[in-house]
Amino acid sequence: ICRNSPDLAMQLSVSPVLLDTLADPRGSSVALDREGLSGRLNLQLEGIDAEDEEGQLIALREFRKAAIFDIAVADLERQLPLMKISDRLTDIAELVLGAALKMATAQMHTRFGTPRSAQGNGEIAHFAVVGYGKLGGIELGYGSDLDLVFLFDDDGDGVTDGKKSIDNSLYFAKLSRRLIQILTVPTRAGTLYEVDMRLRPSGRSGLLVSRLSAFASYQREQAWTWEHQALIRARAVAGDVSLKNKFEVLRRALLEESRDQEKLAIDVREMRGKMKAELDKSTPSQFDLKHGHGGLVDCEFLVQYLVLAHSAKVPDLAVYSDNVRQLEAIEAAQLLPTDAAKALRAAYVALRQTLHAQSLAGQSVLVDQSEFMPERELILTQLTRHTLTPLSADPDIL
């Protein structure tokens, strides 16, 4: 561990309790499926008084730290493949989100009661958390933050039923802020996750939480193409099951709408250019695995273009939120030649595997410029063919 991951070595130095994992004769692979992780979290929280907020916060952080450490050890020992590593890291984030939301809801209930809809028979108004980016795409890495959007489903003027009653919209705004605080507040056990809310409607200037109906109207009437690209990698990850299902139905409907393919290609091309100008760290001698020409983001943009361009006629393209299964759907729809689709999947996984290994070893996103040349050329060729994106600002690179 010390030889291969300075970050894990540092964790051991500051949290010697993590050595318990290494001393377990069953090895670090014990209880690393979702059910096992859920059981571990329940044990961690068991016995902590519901009013002991600090104790709950520390327990959540200790669970996350130990669980991710175990995953990383299994990764170093090659006990789990890349896709399973990302699955488990995503499971940990979802379990933590669910527990944090439960804590925040209990605290809000004590103060304000339960939010009731103004319509019908005063049914409970619901709340859900939508994950975007790596969380939504089931591709979390060790240092990933969480891209989140918050939704609720009361379209009337409902209020809470507690002694101190407030409007539901205010209640859910307070609930959202409390949830973010639980996830980000530092304790002696550290923080849980960095949270990014910029993908909510209207970005930083938008409301912290949106009605589902308002979210739908925004996506149909005001959203930019890049926001629909982001929606491709979105999933409901915590909260009320019925509202989560409503979001999934809405997501599919939005992605399956017909689009002007020429305008779509222009929008995708322009956004890719902006991202590259701002984020690409490549140099003449080093290649940025994520944002360099032919890197992970170029592959993702190709997939997003194809999903948005063809989901109206091929709804199966909008089913999944992860890049690999989207590529499988693209292959099944014959939008790419079979050989090219398979090669793109292999290229994407290879780039992710290296990026993942770099992160585990505490290294940057940069590799030698000579690496992954066939994979990068394949990605750029397909991206150019479909969106007319220039192959490279520097033709000497390829």
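Rings of Phe, Tyr and Trp (its six-membered ring) count as a pair if their centres lie within 6.5 Å. In this predicted model, the rule gives 5 aromatic pairs. One aromatic cluster is made of Phe127, Phe150, Phe152, Tyr171 and Phe172.

Two members of this cluster can be looked at in turn. A pair of aromatic rings is described by the distance of the centres and the angle of the planes. For Phe152 and Phe172, the centres are 4.7 Å apart and the planes are at 20 degrees, so this pair is stacked. The pair links distant parts of the chain, for Phe152 belongs to strand β3 (residues 146-152) and Phe172 to helix α7 (residues 168-184), 20 residues apart. Are these rings buried or exposed? Phe152 has a relative accessible area of 2%, so Phe152 is buried. Phe172 also has a relative accessible area of 2% and is therefore buried.

Another aromatic pair is formed by Phe215 and Phe247, with 6.1 Å from centre to centre and 55 degrees between the planes, and this pair is tilted. Here too distant parts of the chain are linked: Phe215 is in helix α8 (residues 212-221), Phe247 is in helix α10 (residues 241-255), and the two are 32 residues apart. Phe215 has a relative accessible area of 1%, so Phe215 counts as buried. Phe247 is buried as well, because its relative accessible area is 1%.

Aromatic rings in this model also have charged side chains over them. Arg272 lies over the face of Phe301, at 5.9 Å from the ring centre. The ring of Phe287 has the charged end of Arg376 over it, 3.8 Å from the ring centre.

The next topic is cysteine. A disulfide is a covalent bond between the sulfur atoms of two cysteines. How many disulfides does the structure hold? The number is 0. Two of the cysteines show opposite settings. Cys2 has 59% relative accessibility and therefore counts as exposed, while Cys299, with a relative accessible area of 0%, is buried.

Finally, consider the confidence of the prediction. The protein chain has an average pLDDT of 90, and 95% of the residues score at least 70. Where does pLDDT stay under 50? This is the case over residues 390-398, for which the model has 15 contacts beyond four places in sequence. Where pLDDT is low, the predicted coordinates should not be read in detail.

Notes:
Residues numbered from 1 in each chain as written. Predicted model: local features only at pLDDT ≥ 70, side-chain atom pairs only at ≥ 80, totals over all residues. Heavy atoms only, no water. Disulfide = S-S within 2.5 Å. Buried < 20%, exposed > 50% of the residue type's maximum accessible area, 1.4 Å probe, protein only. Phe/Tyr/Trp six-rings, centres within 6.5 Å; stacked < 30°, edge-to-face > 60°. Helix = DSSP H or I, 4+ residues; strand = E, 2+ residues; numbered from the N terminus. Lys NZ or Arg CZ within 6 Å of the ring centre and 35° of its normal. pLDDT = per-residue confidence, 0-100. Contact = heavy atoms within 4.5 Å.
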